Amino acid sequence: FEHYFVYLFFPISLYNENLFYLIASIENLLLLIYIIILIVLKKYSSIYKNDYILFFIFFIILTILSIRTMNYGISMRQKWIILPLLYIFLINKFKINKNE
């Protein structure tokens with residue numbers, strides 16, 4: 001899981017003197033907080049079949065990219081390609097009432 005965490009949330013260091021590194025660290029820290037909030041608020045009882053497929057696709061792509069990407073600069077850009085899949089999975093959806 002270290003590869004996944006580093007791929008999605010690296011760098012998180014607020015003690016660097018470089019301004020761009022500090023901006024990237026704040027961005028990744030806010031991203032981590034946002035994903036934790038979405039995980040906590042997710043209604044797992046109302047997960048649809050399409051959501052499982054979406055999460056499976058996200059996990060496969062994340063596994064391939066986190067193992068193969070050794071450059072942190074490239075991984076900082078590539079993670080924005082797959083993060084919308086995670087957001088769509090974690091956003092709570094309203095149940096459709098079939099009685100209406």
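In which helix is Leu 54 found? In this predicted model, Leu 54 sits in helix α3, and a look at the whole chain helps to place that helix among its neighbours.

The chain holds 4 helices and 0 strands, so its order of elements, read from the N terminus, is simply α-α-α-α. Along the principal axes, the C-alpha atoms occupy a box of roughly 60 × 25 × 20 Å. The radius of gyration of the chain is 16 Å, whereas a compact globule of 100 residues would have one near 13 Å. Of the 100 residues, 30% are buried. Among contacts with a separation of 6 or more, 68% link residues that lie 24 or more positions apart.

The surface can be described just as briefly. About 7600 Å² of the chain is exposed, and 70% of this area comes from carbon and sulfur atoms. The charged side chains number 9 positive and 5 negative, and the centres of these two sets are 12 Å apart.

Turning inward, the largest nonpolar core contains 18 residues, and the members that touch the most others are Leu 8, Ile 35, Leu 62 and Leu 83. Each of the helices α1 (2–9), α2 (19–41), α3 (49–68) and α4 (72–90) contributes at least two residues to this core. Helix α4 gives the largest share, with 6 residues. Leu 8 offers a good view of how the core is joined: beyond residues up to four places away in sequence, Leu 8 touches Asn 28, Leu 31, Phe 58, Leu 62, Lys 79 and Leu 83. Two of the partners of Leu 8, namely Leu 62 and Leu 83, are themselves listed with Leu 8 among the core members that touch the most others.

Leu 54, the residue of the opening question, can now be seen in its setting. Its relative accessible area is 16%, which is under 20%, and Leu 54 is therefore classed as buried. With residues up to four places away in sequence left out, the contacts of Leu 54 are Leu 85, Ile 88 and Phe 89. Ile 74, by comparison, lies 20 residues from Leu 54 along the chain, and the C-alpha atoms of the two are separated by 24 Å.

Helix α1 also includes Glu 2. The relative accessible area of Glu 2 is 63%, and because this is over 50%, Glu 2 counts as exposed. Between the C-alpha atoms of Glu 2 and Lys 43 there is a separation of 26 Å, with their positions 41 residues apart along the chain.

The loops deserve a friendly word as well. The loop between α1 and α2 holds Pro 11, and the peptide bond leading from Phe 10 to Pro 11 is cis, its omega being near 0°. Tyr 15 is placed in the loop between α1 and α2, where its relative accessibility of 79% makes it exposed. From Tyr 15 to Ser 25 the C-alpha separation is 9.5 Å, for residues that are 10 apart along the chain.

Is the loop residue Ser 46 buried or exposed? Ser 46 belongs to the loop between α2 and α3, and its relative accessible area is 12%; since this is under 20%, Ser 46 is buried. Ser 46 and Trp 80 are 34 residues apart in sequence, and their C-alpha atoms are 26 Å apart in space.

Methods:
Residues are numbered from 1 along each chain as its sequence is written. This is a predicted model: local features need pLDDT of at least 70, side-chain atom pairs count only at pLDDT 80 or more; totals for chains, interfaces and linings use all residues. Side-chain values use heavy atoms; hydrogens and water are left out. The radius of gyration is taken over C-alpha atoms; the globule rule is 2.2 Å times the number of residues to the power 0.38. Buried means under 20% relative accessible area, exposed over 50%, partly exposed in between (1.4 Å probe, protein chains only). Contact means heavy atoms within 4.5 Å. Accessible areas come from the Shrake-Rupley method with a 1.4 Å probe; for residues, only the protein chains shown count as cover. Lys and Arg count as positive and Asp and Glu as negative; His and the chain ends are not counted. The place of a charge is taken as NZ of Lys, CZ of Arg, CG of Asp or CD of Glu. A nonpolar core is a set of buried Ala, Val, Leu, Ile, Met, Phe, Trp, Tyr and Cys residues joined through side-chain atoms within 4.5 Å.
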